[in-house]
Amino acid sequence: MHRRRFLQYSVSSCFAGGLFSTTASAEQKTAISDGPQLLPAGEIPQGKALPDLPVLKNESDRLGEFHGTLIAQEHEIPLTSGTAPTRCQLYNGQLPGPLIELEAGMKVTLTFINRLKEASTIHWHGLPVPSSQDGGPEDPIAPGETRVYRFTLPDDISGSYWYHPHPLSGASAQISKGLAGPIIIRHPQEKLRKLPEQHWVISDLRLDTQGQIPANSYADWVDGREGENVLINGQRHPQITLDGQQRIRVWNMCSARYLQLSLPGAQWLVVGTDGGLSEKVSAPQHTVLLAPGERLELLVIGESKTYSLNLLPYDRHRMMSKTPTVASILATVSFSAGKSPVTAGMALRAIPALPEGTGHLRALMSEKMADIMKNKASGVPPKGAFLINGRSFDVNRMDLHTVVNQVDNWQIINATTMDHPFHIHGGQFQVVQRSLRGVKTVPEYLSWKDTINLQPGEIVMVRMRQTSPGMRMYHCHIIEHEELGMMGNLMVS
Ligand code: C2O
Ligand code: CU
Ligand code: CU
């Protein structure tokens, strides 16, 4: 008892000086009250130069083809200075998984070898791949099995995507142990293709005092699991060297952590979102927000100097733990200003607005607060407590229906008390309108999205066209909510 309290206390005070998002020890105790004792932040090496992402090898020498192999396996990797190596689950032994670099129009073959002791899948988040190749929960790959995923990319696609497991159960554990990786699709005519790039894959990791990744606590299931160590390209608090010409692609691969990022003293220009470049460059902004699953493409404007990349508190109305009140620092950025090739408002790409279609689909997110509170004592994950259209996920039940190539007007409603990032499989959508507490807003310019955050009470209208038949998931991208059943099936015929 004494020892536990002491450890919690020292953990919180280490957090305060380091990377962690709260300095209030009371809050820290709440956050981990039903969880394990955590490794002090100082025991994870930090301050190394930001590593480049390892790139997945193209095993094909044919023009326009990509053949790659992804092996999911348990590995022990030295992440800490004072404990045994950490048991992780990784693609090709790498944290994050290797970067898959593709070009528009490519014929892609990805061989997945499952060397885990449990079933898994690989889902290609945001890509318009055939339903049978989408790696959904209806198509599990058993331990020891190999599955070849095949798809051809459209000619007009570009942008930053990612891949991760999507099994019916185990997605939360597999992702929290390291299974996720980035995808970039380039297009020969894309406007910013000549800019040098920088890639920030942001994930988070929880380590206990033995340096191991603990199982979810009850609060993790309810609120979504946030690892205390926020990593960029697998490194804690890296040193980043950046110049004003660089196009930064940022991925939020955390299960539940929202990333509200700022570089105090400098500003961001947003040039792209989930589906590549936007219609225009945004106005300069002090902060950007990435909900779990989202991507952004950014440039930095400011004077030449060293900045701190700040993670600002974002109130997503967690039920079991309070919102941090203090910013934490994710990285040090040595910035050199150059003549920026990109200016606010500049046109980047023609995005034709999807017409108002004939389809109408509705997804209403709700929660069973009484069940969540009732289960708290037993600690049993509250399966079925987060719902879409009043139902918990059933892999064999089709919840919504549409037809190929019809434009669907989706009305997505968050009738819960927490934020939820809503994701639809099969391709990307355009946001038409948001409305929160009676205030309606429309986006200033078009962009392609596949994941969108909704605050409590928010209603979002999006338009989307499914371009091939089959079953498509839509769900909350807080991985724990997805696994508890906050997901539905759209049948496209
Ligand atoms: Cu990122 Cu259904 O997934
Ligand atoms: Cu997806
Ligand atoms: Cu959710």
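Okay, before the first slide: when I say aromatic pair, I mean rings of Phe, Tyr and Trp, taking the six-membered ring for Trp, with centres within 6.5 Å of each other. By that count, the structure you see above holds 10 aromatic pairs. And keep in mind that this is a predicted model.

Let me stay with the rings for a minute. Take Tyr91 and Tyr163: their centres are 5.2 Å apart and the planes make an angle of 55°, so this pair goes down as tilted. Tyr91 sits in strand β2, residues 86–91, and Tyr163 in strand β7, residues 159–164, so here we have a link between distant parts of the chain, 72 residues apart. Tyr91 is buried at 0% relative accessibility, and Tyr163 is buried too, with 0%. Now, Tyr163 also pairs with Trp124, again tilted, at 6.1 Å centre to centre and 40° between the planes. Trp124 is in strand β5 and Tyr163 in β7, so that pair ties together parts 39 residues apart in sequence. Both Trp124 and Tyr163 are buried. Put the ring pairs together and you get a cluster of Tyr91, Trp124, Tyr149, Phe151 and Tyr163.

Right, on to the metals. Which residues hold the copper ion that is ligand 2? On the protein side, the donors are His123 and His423, each through NE2, lying 1.9 Å from the ion. His123 belongs to strand β5, residues 123–125, and His423 to strand β25, residues 420–424, so this pair joins parts that are 300 residues apart in sequence. Buried or exposed, then, for His123? Buried, with a relative accessible area of 1%. His423 is buried as well, with 0%.

The copper ion that is ligand 3 has His420 (ND1), Cys476 (SG) and His481 (ND1) as its protein donors, lying 2.0 to 2.1 Å from the ion. If you like to read that off the sequence, the spacing of the donors is H-x55-C-x4-H. His420 is in strand β25, and His481 is in helix α6, residues 479–484, so those two tie together parts 61 residues apart. His420 is buried with a relative accessible area of 0%, and His481 is buried with 0%.

Next, the nonpolar core. The largest one has 37 residues, and those with the most contacts inside it are Phe386, Trp410, Phe422, Ile424, Val462 and Tyr474. Its largest share, four residues, comes from helix α4, residues 218–223. Tyr474 is a nice one to click on: leaving out residues up to four places away in sequence, its contacts include Trp410, Phe422 and Ile424. Tyr474 also touches His423, and His423 is one of the donors to the ligand 2 copper.

For a spot away from the rings, look at Leu289, in strand β17, residues 287–290. Leu289 is partly exposed, at 30% relative accessible area. Its contacts beyond four places in sequence are Tyr258, Leu259, Gln260, Glu294, Leu296 and Tyr314. From Trp124, Leu289 is 165 residues away in sequence and 22 Å away in space, C-alpha to C-alpha.

Now some backbone oddities. Most residues other than glycine have a negative phi, and most peptide bonds are trans. Against that background, Leu95 and Pro96 are joined by a cis peptide bond, with omega about -10°. Pro96 is in the loop between β2 and β3. That loop also contains Asn92, which has a positive phi of about 55°. Asn92 is partly exposed, with a relative accessible area of 29%. And there's Arg437, with phi near 45°, in the loop between β26 and β27. Arg437 counts as exposed, at 69% relative accessibility.

Last slide, the whole chain. There are six helices and 31 strands. How does the radius of gyration fit a compact globule? For 493 residues such a globule would be near 23 Å, and the chain has 21 Å, which agrees. The C-alpha atoms fill a box of roughly 65 × 55 × 50 Å along the principal axes. Of the 493 residues, 59% count as buried. Among contacts with a separation of 6 or more, 77% are between residues 24 or more positions apart. The accessible surface is about 18,700 Å², and 53% of that belongs to carbon and sulfur atoms.

Key. Residues are numbered from 1 along each chain as its sequence is written. Chains are lettered from A and ligands numbered from 1 in the order in which they are written. This is a predicted model: local features need pLDDT of at least 70, side-chain atom pairs count only at pLDDT 80 or more; totals for chains, interfaces and linings use all residues. Side-chain values use heavy atoms; hydrogens and water are left out. Buried means under 20% relative accessible area, exposed over 50%, partly exposed in between (1.4 Å probe, protein chains only). Contact means heavy atoms within 4.5 Å. Donors are N, O and S atoms within 2.8 Å of the metal (3.2 Å for Na, K and Ca); water is not among the atoms, so sites may look incomplete. Rings of Phe, Tyr and Trp (its six-membered ring) pair if their centres lie within 6.5 Å; planes under 30 degrees apart count as stacked, over 60 as edge-to-face and the rest as tilted. A nonpolar core is a set of buried Ala, Val, Leu, Ile, Met, Phe, Trp, Tyr and Cys residues joined through side-chain atoms within 4.5 Å. The radius of gyration is taken over C-alpha atoms; the globule rule is 2.2 Å times the number of residues to the power 0.38. Accessible areas come from the Shrake-Rupley method with a 1.4 Å probe; for residues, only the protein chains shown count as cover.
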